[in-house]
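Trainee: Could you walk me through this one and show me where the labels come from?
Mentor: Sure, let's open it up and take the labels one by one.

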Amino acid sequence: MSKPHKGPNPPHEEKVTKVSSARKMLIILGVIAIIIAVVYWLREDAGEVSYVPDEMGSEPAFVKEGELYFVDSLSNDTLAHIAIEVADDDAQRQQGLMYRSSMEDSTGMLFIFERARPQTFWMKNTKIPLDIMYVDEDSSIIMIYKSVMPYSEKSVPSYDPALYVVEVNGGFSSRNNIKEGDRISFKLN
(Lines give C-alpha, C1' and ligand atoms only; values in the text may rest on other atoms or scores of the structure.)
Protein backbone atom coordinates (compact mmCIF):
# COMPACT_ATOMS: atom_id res chain seq x y z
CA MET A 1 0.00 0.00 0.00
CA SER A 2 1.39 3.42 -0.95
CA LYS A 3 1.48 6.33 1.33
CA PRO A 4 -0.85 9.21 0.57
CA HIS A 5 0.83 12.27 -0.93
CA LYS A 6 0.72 15.44 1.03
CA GLY A 7 0.70 18.75 -0.79
CA PRO A 8 -1.31 20.50 -3.49
CA ASN A 9 -0.64 18.10 -6.41
CA PRO A 10 0.19 14.45 -6.60
CA PRO A 11 3.70 13.80 -8.06
CA HIS A 12 2.46 12.59 -11.47
CA GLU A 13 0.36 15.76 -11.99
CA GLU A 14 3.46 17.95 -11.50
CA LYS A 15 5.16 16.20 -14.43
CA VAL A 16 2.11 16.72 -16.64
CA THR A 17 2.17 20.44 -15.82
CA LYS A 18 5.88 20.72 -16.79
CA VAL A 19 5.31 18.88 -20.07
CA SER A 20 2.26 20.99 -20.76
CA SER A 21 4.24 24.23 -20.21
CA ALA A 22 7.01 23.06 -22.53
CA ARG A 23 4.43 22.16 -25.17
CA LYS A 24 2.75 25.54 -24.82
CA MET A 25 6.11 27.28 -25.29
CA LEU A 26 6.83 25.23 -28.46
CA ILE A 27 3.38 26.03 -29.82
CA ILE A 28 3.87 29.75 -29.13
CA LEU A 29 7.29 29.72 -30.80
CA GLY A 30 5.84 27.83 -33.78
CA VAL A 31 3.02 30.35 -34.16
CA ILE A 32 5.52 33.25 -34.00
CA ALA A 33 7.68 31.58 -36.68
CA ILE A 34 4.62 31.11 -38.92
CA ILE A 35 3.59 34.76 -38.46
CA ILE A 36 7.10 35.95 -39.35
CA ALA A 37 7.14 33.72 -42.45
CA VAL A 38 3.71 34.96 -43.58
CA VAL A 39 4.66 38.62 -43.08
CA TYR A 40 7.89 38.09 -45.07
CA TRP A 41 5.97 36.29 -47.84
CA LEU A 42 3.33 39.04 -48.05
CA ARG A 43 6.05 41.71 -48.16
CA GLU A 44 7.82 39.93 -51.03
CA ASP A 45 4.52 39.28 -52.80
CA ALA A 46 3.52 42.96 -52.53
CA GLY A 47 6.33 43.86 -54.90
CA GLU A 48 8.76 45.52 -52.57
CA VAL A 49 11.31 47.55 -54.47
CA SER A 50 13.99 45.14 -55.61
CA TYR A 51 16.65 47.75 -56.40
CA VAL A 52 18.40 49.87 -53.85
CA PRO A 53 21.43 51.93 -54.91
CA ASP A 54 24.75 50.66 -53.65
CA GLU A 55 27.33 52.69 -51.68
CA MET A 56 28.86 53.93 -54.93
CA GLY A 57 25.53 55.51 -55.89
CA SER A 58 25.04 53.41 -59.02
CA GLU A 59 21.59 53.56 -60.49
CA PRO A 60 19.52 51.37 -62.80
CA ALA A 61 20.61 51.59 -66.44
CA PHE A 62 18.05 52.19 -69.20
CA VAL A 63 17.16 48.98 -71.04
CA LYS A 64 15.43 49.48 -74.40
CA GLU A 65 12.50 47.08 -74.63
CA GLY A 66 10.54 48.73 -77.42
CA GLU A 67 9.40 51.97 -79.05
CA LEU A 68 6.41 54.17 -78.34
CA TYR A 69 4.77 56.74 -80.63
CA PHE A 70 2.57 59.67 -79.61
CA VAL A 71 -0.11 60.22 -82.27
CA ASP A 72 -2.21 63.38 -82.76
CA SER A 73 -5.90 62.57 -82.27
CA LEU A 74 -7.07 64.77 -85.18
CA SER A 75 -4.43 64.45 -87.89
CA ASN A 76 -3.05 60.98 -87.00
CA ASP A 77 0.44 62.49 -87.38
CA THR A 78 3.23 61.23 -85.15
CA LEU A 79 4.03 63.94 -82.61
CA ALA A 80 7.06 62.20 -81.09
CA HIS A 81 8.51 58.77 -80.52
CA ILE A 82 10.69 57.37 -77.74
CA ALA A 83 12.59 54.24 -76.83
CA ILE A 84 10.85 52.61 -73.88
CA GLU A 85 11.69 50.49 -70.92
CA VAL A 86 8.70 48.37 -69.85
CA ALA A 87 7.35 47.83 -66.34
CA ASP A 88 4.83 45.00 -66.57
CA ASP A 89 4.99 43.24 -63.21
CA ASP A 90 4.46 44.47 -59.64
CA ALA A 91 8.16 44.79 -58.75
CA GLN A 92 9.02 46.72 -61.94
CA ARG A 93 5.97 48.96 -61.59
CA GLN A 94 6.82 49.67 -57.95
CA GLN A 95 10.39 50.68 -58.82
CA GLY A 96 9.56 52.64 -61.97
CA LEU A 97 12.15 55.36 -62.58
CA MET A 98 13.28 55.61 -58.96
CA TYR A 99 16.94 56.32 -58.23
CA ARG A 100 17.78 57.67 -61.70
CA SER A 101 19.46 61.06 -61.78
CA SER A 102 18.85 61.66 -65.50
CA MET A 103 17.11 60.28 -68.55
CA GLU A 104 17.58 60.98 -72.25
CA ASP A 105 14.71 63.01 -73.72
CA SER A 106 14.24 60.29 -76.34
CA THR A 107 13.48 57.64 -73.69
CA GLY A 108 10.75 56.84 -71.20
CA MET A 109 8.98 54.09 -69.33
CA LEU A 110 5.75 52.31 -70.25
CA PHE A 111 3.81 50.74 -67.39
CA ILE A 112 1.47 47.96 -68.49
CA PHE A 113 -1.27 46.72 -66.15
CA GLU A 114 -3.31 43.51 -66.31
CA ARG A 115 -6.60 45.41 -66.50
CA ALA A 116 -7.81 48.98 -66.80
CA ARG A 117 -8.65 50.62 -63.49
CA PRO A 118 -8.01 53.97 -61.80
CA GLN A 119 -4.25 54.25 -61.17
CA THR A 120 -2.29 56.37 -58.72
CA PHE A 121 1.42 57.18 -58.93
CA TRP A 122 3.81 59.19 -56.78
CA MET A 123 7.43 60.36 -57.02
CA LYS A 124 8.99 58.78 -53.93
CA ASN A 125 12.74 58.25 -54.52
CA THR A 126 12.41 59.71 -58.04
CA LYS A 127 15.15 62.28 -58.61
CA ILE A 128 13.96 63.90 -61.85
CA PRO A 129 10.72 65.72 -62.72
CA LEU A 130 8.45 63.62 -64.93
CA ASP A 131 5.41 64.03 -67.13
CA ILE A 132 3.03 61.22 -66.15
CA MET A 133 0.45 60.24 -68.77
CA TYR A 134 -2.46 57.92 -68.03
CA VAL A 135 -3.74 55.98 -71.06
CA ASP A 136 -6.99 54.01 -71.35
CA GLU A 137 -7.51 50.63 -73.01
CA ASP A 138 -8.25 52.35 -76.34
CA SER A 139 -4.73 53.86 -76.19
CA SER A 140 -6.07 57.40 -75.65
CA ILE A 141 -4.26 59.69 -73.21
CA ILE A 142 -6.86 60.50 -70.55
CA MET A 143 -4.74 62.53 -68.10
CA ILE A 144 -1.36 64.27 -68.21
CA TYR A 145 0.48 65.51 -65.14
CA LYS A 146 3.28 67.81 -66.26
CA SER A 147 6.67 68.12 -64.52
CA VAL A 148 5.65 66.29 -61.36
CA MET A 149 7.96 67.31 -58.51
CA PRO A 150 10.82 64.91 -57.63
CA TYR A 151 10.60 63.03 -54.31
CA SER A 152 6.96 64.04 -53.80
CA GLU A 153 4.78 61.53 -51.98
CA LYS A 154 1.64 63.34 -53.14
CA SER A 155 -0.62 61.03 -55.17
CA VAL A 156 -1.24 61.80 -58.82
CA PRO A 157 -4.40 59.82 -59.70
CA SER A 158 -5.85 58.96 -63.10
CA TYR A 159 -9.42 59.13 -61.76
CA ASP A 160 -10.65 57.17 -64.79
CA PRO A 161 -9.55 53.60 -65.64
CA ALA A 162 -6.08 53.40 -67.22
CA LEU A 163 -4.42 50.32 -68.71
CA TYR A 164 -1.10 52.06 -69.42
CA VAL A 165 0.99 54.82 -67.89
CA VAL A 166 3.82 56.57 -69.73
CA GLU A 167 6.56 58.46 -67.87
CA VAL A 168 8.86 60.84 -69.75
CA ASN A 169 11.10 63.76 -68.77
CA GLY A 170 9.29 66.72 -67.29
CA GLY A 171 8.19 69.13 -70.02
CA PHE A 172 8.31 66.48 -72.79
CA SER A 173 4.57 66.64 -73.47
CA SER A 174 4.62 70.45 -73.80
CA ARG A 175 7.73 70.41 -76.04
CA ASN A 176 6.03 67.91 -78.36
CA ASN A 177 2.47 69.33 -78.22
CA ILE A 178 1.11 66.11 -76.69
CA LYS A 179 -2.29 66.64 -75.12
CA GLU A 180 -5.10 64.70 -73.50
CA GLY A 181 -7.08 62.91 -76.22
CA ASP A 182 -3.97 62.07 -78.28
CA ARG A 183 -3.08 58.38 -78.55
CA ILE A 184 -0.09 56.14 -78.06
CA SER A 185 1.08 53.24 -80.17
CA PHE A 186 3.93 50.97 -79.15
CA LYS A 187 5.82 47.90 -80.23
CA LEU A 188 7.90 45.76 -77.89
CA ASN A 189 11.17 44.03 -78.82
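**Where the labels come from**

Mentor: The protein chain has three helices and seven strands. Along the sequence they follow the pattern α-β-β-α-β-β-β-β-α-β. Keep in mind that this is a predicted model.

Trainee: What makes S1 and S2 a pair of strands?
Mentor: Pairing takes at least two bridges. S1 (residues 66-71) and S2 are joined by six bridges, in the antiparallel sense, so they pass that cut-off. You can spot single bridges too: Glu-67 is partnered with Ala-83 in S2, and Phe-70 stands opposite Ala-80. The two strands form a hairpin with six residues between them, and Asn-76 in the turn has a positive phi of about 65°.

Trainee: Which other strand does S1 pair with, and in what sense?
Mentor: That's S7 (residues 183-188), antiparallel to S1 over six bridges. Look for Val-71 opposite Arg-183 in S7.

Trainee: How do you know that S2 and S3 count as paired?
Mentor: Use the cut-off of at least two bridges again. Five bridges join S2 to S3 (residues 107-121), so the label fits. These two strands run parallel, and Val-86 stands opposite Leu-110 in S3.

Trainee: Why is S2 called mostly covered?
Mentor: A residue is buried when its relative accessible area is under 20%. Seven of the 10 residues in S2 (residues 78-87) are buried, so "mostly covered" is a matter of counting. For the whole protein chain of 189 residues, 37% count as buried.

Trainee: What makes a group of residues a nonpolar core?
Mentor: The residues must be buried and nonpolar, and joined through side-chain atoms within 4.5 Å. The largest such core here has 20 residues, and Phe-70, Met-133, Val-166 and Ile-184 have the most contacts inside it. S1, S2, S3, S4 (130-135), S5 (141-148) and S6 (156-169) each supply at least two residues of this core. A second, separate core has 18 residues, among them Ile-128, Tyr-134, Val-148 and Ala-162. In soluble globular proteins, nonpolar side chains tend to be buried together.

Trainee: Which residues does Val-166 contact, leaving aside its neighbours within four places in sequence?
Mentor: The list includes Leu-68, Phe-70, Ile-82, Met-109, Leu-110, Met-133 and Ile-184. As for the protein chain, take contacts between residues at least 6 apart in sequence: 69% of them join residues at least 24 apart.

Trainee: Why is the group around Met-25 called a patch on the surface?
Mentor: To belong to a patch, a residue needs over 30% relative accessible area. Met-25 has 47%, so it clears that bar, though it counts as partly exposed. Met-25 sits in helix H1 (residues 11-45). Together with Leu-26, Ile-28, Leu-29 and Ile-32, Met-25 forms a nonpolar patch with about 510 Å² of accessible area. The protein chain exposes about 12,000 Å², and carbon and sulfur atoms supply 56% of that.

Trainee: How do you know that Glu-67 and Lys-64 form a salt bridge?
Mentor: The nitrogen and oxygen must come within 4 Å. Their closest N and O atoms are 3.1 Å apart, so the pair qualifies. Glu-67 is partly exposed at 21%, and Lys-64 is partly exposed at 43%. A search of the whole structure finds seven salt bridges.

Trainee: Is Asp-72 buried or exposed, and what about its partner Lys-179?
Mentor: Asp-72 has a relative accessible area of 12%, so it is buried. Lys-179 comes out at 36%, so it is partly exposed. Their side chains meet in a salt bridge at 3.1 Å, N to O. Asp-72 is in the loop between S1 and S2, while Lys-179 is in the loop between helix H3 (172-175) and S7, so the pair ties together parts 107 residues apart in sequence.

Trainee: What makes Asp-105 and Arg-175 a link between distant parts of the chain?
Mentor: They form a salt bridge, with the closest N and O atoms 2.8 Å apart. Asp-105 lies in the loop between helix H2 (90-95) and S3, and Arg-175 lies in helix H3, 70 residues apart. Asp-105 is partly exposed at 34%, as is Arg-175 at 48%. Elsewhere, Asp-72, Lys-179 and Asp-182 are joined into one network by salt bridges that share partners.

Note on methods
Residues are numbered from 1 along each chain as its sequence is written. This is a predicted model: local features need pLDDT of at least 70, side-chain atom pairs count only at pLDDT 80 or more; totals for chains, interfaces and linings use all residues. Side-chain values use heavy atoms; hydrogens and water are left out. Buried means under 20% relative accessible area, exposed over 50%, partly exposed in between (1.4 Å probe, protein chains only). Helices (H or I, at least four residues) and strands (E, at least two) are DSSP runs, numbered from the N terminus. Patches are made of residues with over 30% relative accessible area and no salt bridge: like charges are joined within 9 Å, nonpolar side chains (Val, Leu, Ile, Met, Phe, Trp, Tyr) within 5 Å. Accessible areas come from the Shrake-Rupley method with a 1.4 Å probe; for residues, only the protein chains shown count as cover. Contact means heavy atoms within 4.5 Å.
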